[in-house]
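Here is a short briefing to read alongside the sequence and the 3D view. Keep both open as you go.

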Protein chains: 2
Amino acid sequence: MTTKKVGTRGRPRSFDPAAAVETAQTLFQQRGYDGVGVADIGKALGITPPSFYNAFGSKAALFAQVLDSYTAGYGRFVPEALEGPGDSADAVDRLLAEAACRYATKDGIAGCLVIDGVRNSSDAEALAMIVRHKAASRDMLKARFAREHPEKADGLASIVITALNGLSASARDGASEAELMLSAKAFARAFREETRASGGPRVRVL
Amino acid sequence: MTTKKVGTRGRPRSFDPAAAVETAQTLFQQRGYDGVGVADIGKALGITPPSFYNAFGSKAALFAQVLDSYTAGYGRFVPEALEGPGDSADAVDRLLAEAACRYATKDGIAGCLVIDGVRNSSDAEALAMIVRHKAASRDMLKARFAREHPEKADGLASIVITALNGLSASARDGASEAELMLSAKAFARAFREETRASGGPRVRVL
DNA sequence: CAATTTCTATAGTGATCGCTATATAAGTCG
DNA sequence: CGACTTATATAGCGATCACTATAGAAATTG
């Protein structure tokens, strides 16, 4: 009896659903949506299928909870980096550097759940959820860049998303934090150039 | 009887194995290794499981053939871009631009099979093959960059790999060729800066 | 022709997938 | 206490996974 809410009738839960969401997040991030079975989650939580379905409804519904929790918790660094001091290029520099730190392998977890959690999945429901989350992230980036570069906000968002995609993929392939940071810094400089350029980069090599 | 080799005894094949490898490549690229079943391939080829196993041995063995064919054919653009005229930065500019073109969705296919074909897969054998192919690609990049930048060849390879990873991932997420090209050009400029820089970028904004 | 070789289809292996029908255990409430 | 409510476990659903045992069909060879 992990949860103990007074005034509730019926047999109490033998596990904490919030902790279960965290456990599931870890599993989904390690193996991807399709790579984790309901049986795996059940084993990790010490529960059997009926308890799982009574608590979460379905594997997809649990994944939705995991994604919401992920975005609201771990994923906060994105809006935080974007809304910090300085211009768009400063924000992107913070964002990519932070991503390089966070995406690097820690406790068997690497990369971003939203970016890579359902890659190659054949589950339409899970794919649709991720599409929504990615669209929301793109809108967030675009809105930030549009404040200074309304004309090319969309292109700038594409560059940042592709950079984040690359960092997450390399992290999942085992890249070290130092390796990721090198790419992050290079891409951040590329972004800064892009915010300046009309045609090519207006810089002069010394 | 697609194949007709004279002098062979026994019942002839009802399908062309080389064409089958191409068909399988398409399927693997569309849905990933785990997303394609032997039954799917059989249906696409109009054959039943015994014919499949008689010809290829196993799903993993077919995938190995697909990867070899992919690297030897489609994947030639990588060494070709690297060995063209100019310095490393010129080579990377060609490489990333070519990748942007090729990775963009065409006939339902997007991204790179080596980069994303087994992402989130739970098949150890297929994963091991991809690890080998990725290592070979990294070595190729590193060797090219080491000719001009022996000290930082490894870091430069990391940047290019992360850029390619990003382009492939964004392509699989549906990015247009124009979008990918914008990122490719930005990353190529970042790479050029990196080949010049010791500390930060030695440029002056005009 | 018959013998040999090779590929073919039908059917089914055991394992795993997400999910559930049934019954029981473990609580609160009157 | 009994009535009620909720969560639990055992067992199994149909579907799909990679793969195979068996036997027959289609070619070359003597």
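What follows covers the two DNA strands, then the contact between the chains, then the domains of chain A.

This is a predicted model, in which local features need pLDDT of at least 70, side-chain atom pairs count only at pLDDT 80 or more, and totals for chains, interfaces and linings use all residues. Residues are numbered from 1 along each chain as its sequence is written, chains are lettered from A and ligands numbered from 1 in the order in which they are written, and side-chain values use heavy atoms, with hydrogens and water left out.

**DNA strand C**

- There are 25 residues around DNA strand C, and A:Tyr53, B:Arg9, B:Arg11, B:Ser14 and B:Thr48 come nearest; a residue is near a strand if one of its heavy atoms lies within 4 Å of it.
- Sugar or phosphate holds 71% of the atoms of DNA strand C that are within 4 Å of the protein, and bases hold the rest.
- A base nitrogen of this strand lies 3.3 Å from a polar side-chain atom of A:Arg11. That fits the rule for a polar contact, a pair of N or O atoms within 3.5 Å; within protein, one must be able to donate a hydrogen and the other to accept it, and residues adjacent in sequence count only if both atoms are side-chain atoms.
- Phosphate oxygens of DNA strand C are also met from both chains: the side chain of A:Lys59 places an N or O atom 2.9 Å from one, and B:Thr48 has a polar side-chain atom 2.6 Å from one.
- Two elements give two or more residues to the surface near DNA strand C, namely α3 (49–56) of chain A and α3 (49–56) of chain B. Helices (H or I, at least four residues) and strands (E, at least two) are DSSP runs, numbered from the N terminus.
- By class, this surface has nine nonpolar, ten polar and six charged residues. Here Ala, Val, Leu, Ile, Met, Phe, Trp, Tyr, Cys and Pro count as nonpolar, Asp, Glu, Lys and Arg as charged, and the others, Gly among them, as polar.

**DNA strand D**

- Around DNA strand D there are 25 residues, of which A:Arg9, A:Arg11, A:Ser14, A:Thr48 and B:Lys59 come nearest.
- Of the atoms of DNA strand D that come within 4 Å of the protein, sugar and phosphate account for 71%.
- A:Arg9 has a side-chain N or O atom 3.4 Å from a sugar or linking oxygen of DNA strand D.
- A polar backbone atom of A:Ser14 is 2.7 Å from a phosphate oxygen of DNA strand D, while a polar side-chain atom of B:Lys59 lies 2.9 Å from a phosphate oxygen of that strand.
- The elements giving two or more residues to this surface are α3 of chain A and α3 of chain B.
- The surface near DNA strand D divides into nine nonpolar, ten polar and six charged residues.

**Chain B against chain A**

- In chain B, 37 residues are in contact with 37 residues of chain A, where contact means heavy atoms within 4.5 Å.
- The two chains bury about 3,500 Å² between them, with carbon and sulfur atoms giving 54%. Buried area is the accessible area (1.4 Å probe) that two parts lose on being put together, summed over both.
- B:Arg119, B:Asn120 and B:Arg189 supply 19% of the area that chain B buries against chain A, more than any other three residues.
- Eight salt bridges cross this interface, each a side-chain nitrogen of Lys or Arg within 4 Å of a carboxyl oxygen of Asp or Glu. A:Arg189 and B:Glu194 form a salt bridge at 2.6 Å, N to O.
- The interface also has 24 residue pairs in polar contact (both at pLDDT 80 or more).
- On the chain B side, α8 (124–146), α9 (153–172), α10 (177–196) and β1 (203–205) each give two or more residues, and α9(B) gives the most, with twelve.

**Domains of chain A**

- Chain A is assigned domain 1 (17–66) and domain 2 (73–197); the bounds come from an automatic or database domain assignment.
- The C-alpha centres of these domains lie 26 Å apart, and twelve residues of domain 1 are in contact with 18 residues of domain 2.
- The area buried between them is about 1,100 Å², of which carbon and sulfur atoms give 61%.
- A:Gln29, A:Tyr33 and A:Phe63 supply 50% of what domain 1 buries against domain 2, more than any other three residues.
- Zero salt bridges are counted between the two domains, alongside five residue pairs in polar contact (both at pLDDT 80 or more).
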